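Hello,

Here is the structure I promised to hand over. Please open it first, then read the notes underneath.

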Amino acid sequence: MSRAFCRGTAGALLGLFLLGVGLLITALLIRTYTLTKPRVIWQGEGAQEATLGDRAIKQLRQALIGAVRIPTVSFSEEEQNFTALAEFKDYIRKVFPRVFSSSFIQHEVVAQYSHLFTVRGLDQGLMPYMILAHLDVVPATDEGWKFPPFSGEEHSGYIYGRGALDDKSCVIGLLQALEFLLERGYQPRRSFYIGLGHDEEVSGHKGAMKIVEKLQSLGVKLVFVVDEGLAVVDGVIQGVKRPVALVGTTEKGSITLNLTVNQPPGHSSMPPAETSIGILAAAVLRLENHPMPNMFGEGPEASMFEQLSREFSFPLNVMMANLWLFSPIVSRVLETTPSSNAIVRTTTAITIFNSGLKSNVIPHMARATVNFRLHPAQTVDEVLDIIRNTINDKRVKLSILNSFDPLPISPHDESNFGYQILQRTIHSVFSGVPVVPGICIGNTDSRHFVNLTNSIYRFSPFQLKPEDLGRIHGLNERISVENLKKVVQFYYQLIQNADSDKVPTADQDNHEL
Ligand SMILES: *[C@@H]1O[C@H](CO)[C@@H](O)[C@H](O)[C@H]1NC(C)=O
Ligand SMILES: *[C@@H]1O[C@H](CO)[C@@H](O)[C@H](O)[C@H]1NC(C)=O
Ligand SMILES: *[C@@H]1O[C@H](CO)[C@@H](O)[C@H](O)[C@H]1NC(C)=O
Ligand SMILES: [Zn+2]
């Protein structure tokens with residue numbers, strides 16, 4: 001082979017290589033900048049806005065403050081403050097008189113403390129929808145709070161208290177919106193239900209589930225369900241500067257297990273090589289050291305990042321728009337913080353570890369409780385298999401305390417009525433923020449509604465900054481009055497928007513243009 005030929009081949013290869021790189025970069029950039037922006041389906045006039053004058057705002061603030069002052073605490077599935085729940089019943093009746101006296105709203109108490117409202121629309125041919133919220137809150141003591149958690153103190157534009165975000169602002173915002181609509185003489189075209197559960201924080205088995213049974217016995221089918229869940233987040237997703245609305249189209253499943261080891265008891269002066277505590281500790285450590293597989297790309301999280309791609313700055317935008325190439329890197333990065341790790345995999349949390357009573361006695365039994373939250377691309381059975389293989393020790397007995405699969409993914413395409421109604425309402429209330437589907441890490445009452453609809457959306461209509469996240473179920477929970485107004489505005493417009501017959505088709509769009 002002559003040298004010239006070699007040089008020629010090398011040159012050609014280099015040329016090909018550069019051409020390849022050039023094509024790749026072009027492909028990445030094309031995809032980055034042409035990845036279809038979610039289309040705005042509904043053009044033109046939407047719902048009428050709520051006019052929130054001083055009187056209305058005062059009424060709203062006081063309604064929430066009064067609600068926070070009633071300590072509707074759920075301590076456990078068995079133990080709730082039933083006095084407070086009963087008081088809440090009288091409270092809403094007093095604060096929202098029009099809701100309770102309207103000729104087309106039927107109110108019933110379900111399971112003693114939960115509420116079901118049936119709002120009859122003018123057009124019985126339209127399939128009804130449902131809005132959910134819950135009355136109960138998690139416990140709180142005064143310690144660490146700027147103001148006592150059930151005092152409903154207002155300070156510098158914020159209302160403080162347990163439930164200010166989760167979920168009394170939604171309960172009150174929703175009823176207040178309906179009260180304002182009724183004040184205006186409004187009656188919906190489309191019927192809808194409002195469900196207010198009283199035990200969401202401890203499973204929803206007594207409240208939401210009874211509401212479902214009731215509706216099911218009436219043969220009700222719902223076009224969509226909206227419950228609490230994700231929100232408009234501002235600065236929460238690293239690399240995204242603008243606020244974006246995340247609508248939960250699924251929620252994680254859960255498994256709670258007890259791991260038990262029984263070994264002969266003995267005296268600490270003559271210990272065996274392995275004790276029940278040692279065996280259990282090793283099993284638990286294996287679970288922690290072998291996290292469940294990273295499922296990034298197998299569930300809806302990939303489409304969330306893809307749809308968000310244009311909100312990231314360079315070079316993250318190129319990476320998010322081209323997950324076909326960058327997903328291995330992105331998934332590794334997401335693993336590094338607990339909050340995003342929870343989006344990419346089934347998480348493992350050891351929550352209780354019990355054994356031993358005396359310092360000189362080797363205990364017979366050691367027991368731990370472990371809670372897994374299941375990624376939407378896995379099932380309870382699959383995860384149990386992995387757990388058994390990881391523990392790989394017959395002496396560790398597994399008993400399942402409770403388990404449920406992740407929720408099916410609700411449709412969120414251009415033709416889905418519920419998702420588009422939400423998008424339309426969110427655009428209007430939150431000045432055009434992008435709306436993207438997401439995974440709800442926590443669970444909601446809406447998970448009990450899968451037999452009534454395939455379109456369940458989890459969205460709390462307020463804006464959250466990173467520092468707000470720790471307040472939910474934490475210290476100094478609070479909502480700004482600005483945010484509270486958004487909540488009312490959201491439900492006020494959602495109810496009107498849902499009066500549309502159906503999603504406009506592309507054809508109709510063109511006519512309008
Ligand atoms: C339960 O609620 C009532 C008010 O309805 C309150 O007086 C009482 O202290 C609460 N009990 C507990 C244990 O929180
Ligand atoms: C599970 O384990 C925890 C912690 O040891 C214990 O309190 C609980 O009673 C156990 N539950 C069952 C059903 O075994
Ligand atoms: C839905 O219906 C199926 C079949 O009737 C039943 O087994 C399941 O428990 C129901 N799920 C809920 C959440 O009600
Ligand atoms: Zn909640």
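Why is the arrangement of the four donor atoms around the zinc ion (ligand 4) irregular? Keep in mind that this is a predicted model. The donor atoms subtend angles of 52 to 150°, and that makes the arrangement irregular. A tetrahedral label would need all angles between 85 and 135 degrees. For reference, the ideal angle for four tetrahedral donors is 109.5 degrees.

Now the donors themselves. The zinc ion (ligand 4) is coordinated by NE2 of H134, an OD atom of D166 and two OE entries from E228. The distances run from 1.9 to 2.7 Å. Along the chain, the donors follow the spacing H-x31-D-x61-E. H134 and E228 link distant parts of the chain, 94 residues apart. H134 lies in strand β3 (residues 129-134), and E228 lies in strand β7 (residues 225-233).

Burial comes next. H134 has a relative accessible area of 1%, so it is buried. E228 counts as buried because its relative accessibility is 9%; the cut-off is under 20%.

There is also a sheet to look at. It is open, has three strands in the order β4-β5-β17, and its pairing is antiparallel. The edge strands are β4 (154-155) and β17 (478-480), and each pairs on one side only. Strand β5 (residues 158-160) is joined to β17 by three bridges. In that pairing, I159 has I479 of β17 as its bridge partner. Helix α15 (residues 481-497) packs on the sheet and touches β4, β5 and β17. The direction of α15 makes about 80° with that of β17.

Best wishes

Methods. Residues are numbered from 1 along each chain as its sequence is written. Chains are lettered from A and ligands numbered from 1 in the order in which they are written. This is a predicted model: local features need pLDDT of at least 70, side-chain atom pairs count only at pLDDT 80 or more; totals for chains, interfaces and linings use all residues. Side-chain values use heavy atoms; hydrogens and water are left out. Two strands pair if DSSP finds at least two bridges between them. Helices (H or I, at least four residues) and strands (E, at least two) are DSSP runs, numbered from the N terminus. Contact means heavy atoms within 4.5 Å. Axes are lines fitted to C-alpha atoms, for helices over the stretch in contact, and angles run from 0 to 180 degrees between N-to-C directions. Donors are N, O and S atoms within 2.8 Å of the metal (3.2 Å for Na, K and Ca); water is not among the atoms, so sites may look incomplete. Four donors count as tetrahedral if all angles lie between 85 and 135 degrees; four count as square planar and six as octahedral if opposite donors are over 155 degrees apart and all others between 65 and 115; anything else is irregular. Buried means under 20% relative accessible area, exposed over 50%, partly exposed in between (1.4 Å probe, protein chains only).
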